[in-house]
Amino acid sequence: MPHKHESPVDVAALLPSRVCGLAVDIDGTITEKRGQGSFRLSLEAVEALRLLEDAGIRVMLVTGNSVMVTAGVARYIGVSGPHVAENGCLVYRRGTITHACHHTARAAARALEEEMSGILQPSWQNRCRLHDYAFTIRRGDPKDVLREAKMVLTERGLPAKLSHSGYALHVRPPEASKGLGLSIALRLAGLDPGCVIAVGDSAVDLEMRDAGVLLAAVGNADQQLLEGADIVLPGESGKSIAVLAKAILGR
């Protein structure tokens, strides 16, 4: 098991002998910073991802965003994928969508809209979603809101997976997992998980390890991911991605 480190030199030492792919979350990971309202892409991260692609390293986005947003970001950044959307439920490759999830959380999302309308605001992306639905929190502590949302769904007998990404509350079908989606993406790309690094900023990104990849956390990730990741990168959000790319390309 790789050890956490504190310097860029250590990053290169902890990487696999060969890196063939990089799977990255979007919000909080390739943005300038993390937290609700922080959506500006880091130009350092964008440049780093393009350099990796130019070097023959496949870059994949693995995110809670809708497939339309994911495909759009990928196109304009210039990364080839396959890409994982809706927190693992959808895999997008060259205009084709593969459904990793067989169920939808649409009924659970509607129940939360009805019962918690003063607390939760449905994401504008929900009209484009098929499995995973997102809400921004109008007021209250995310942990308390999650607890209340779980009670609502339990009372209605609606099984769903609830999580908070630092940006939004997501309600997913029980089988949903970023690890499941990433596994499908790696298979479609013909990549060995042993030479792939995944990077994220929230506890939801811990799921990517289930795909058999090396898991890294940006330096300002939430505590659960910092404790569970194989590597904690120096810097924050997009700057952490730039550090990682430099370590991969500079060896």
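Student: What makes helix H6 (residues 178-189) a helix that lies across E3, E4 and E5?

Tutor: In this predicted model, helix H6 lies across E3, E4 and E5 and runs at about 25° to E4. Angles run from 0 to 180 degrees between N-to-C directions, so a value of about 25° places the direction of H6 toward the low end of that range. Helix H3 (residues 67-77) also lies across E3, E4 and E5, but runs at about 150° to E3.

Student: Why is E3 said to pair with strand E4?

Tutor: Pairing requires at least two bridges between the strands. Three bridges join E3 to strand E4 (residues 90-93), so the criterion is met. The two strands run antiparallel, and Ala-85 stands opposite Leu-90 in E4.

Student: What makes strand E3 (83-85) and strand E5 (96-99) edge strands?

Tutor: The open sheet has the order E3-E4-E5, with antiparallel pairing. Strand E3 and strand E5 each pair on one side only. From one strand to the next, the twist averages 30°.

Student: How do you know that Glu-53, which is buried, has no salt bridge?

Tutor: A salt bridge needs a side-chain nitrogen of Lys or Arg within 4 Å of a carboxyl oxygen of Asp or Glu. For Glu-53, the nearest side chain of opposite charge, Arg-58, is 5.6 Å away; therefore the criterion is not met.

Student: Where does Glu-53 lie, and with which residues is it in contact?

Tutor: Glu-53 lies in helix H2 (residues 43-54). Leaving aside neighbours within four places in sequence, its contacts include Arg-58, Val-59, Gly-78 and Val-79.

Note on methods. Residues numbered from 1 in each chain as written. Predicted model: local features only at pLDDT ≥ 70, side-chain atom pairs only at ≥ 80, totals over all residues. Heavy atoms only, no water. Helix = DSSP H or I, 4+ residues; strand = E, 2+ residues; numbered from the N terminus. Contact = heavy atoms within 4.5 Å. Buried < 20%, exposed > 50% of the residue type's maximum accessible area, 1.4 Å probe, protein only. Lys, Arg positive; Asp, Glu negative; His and termini not counted.
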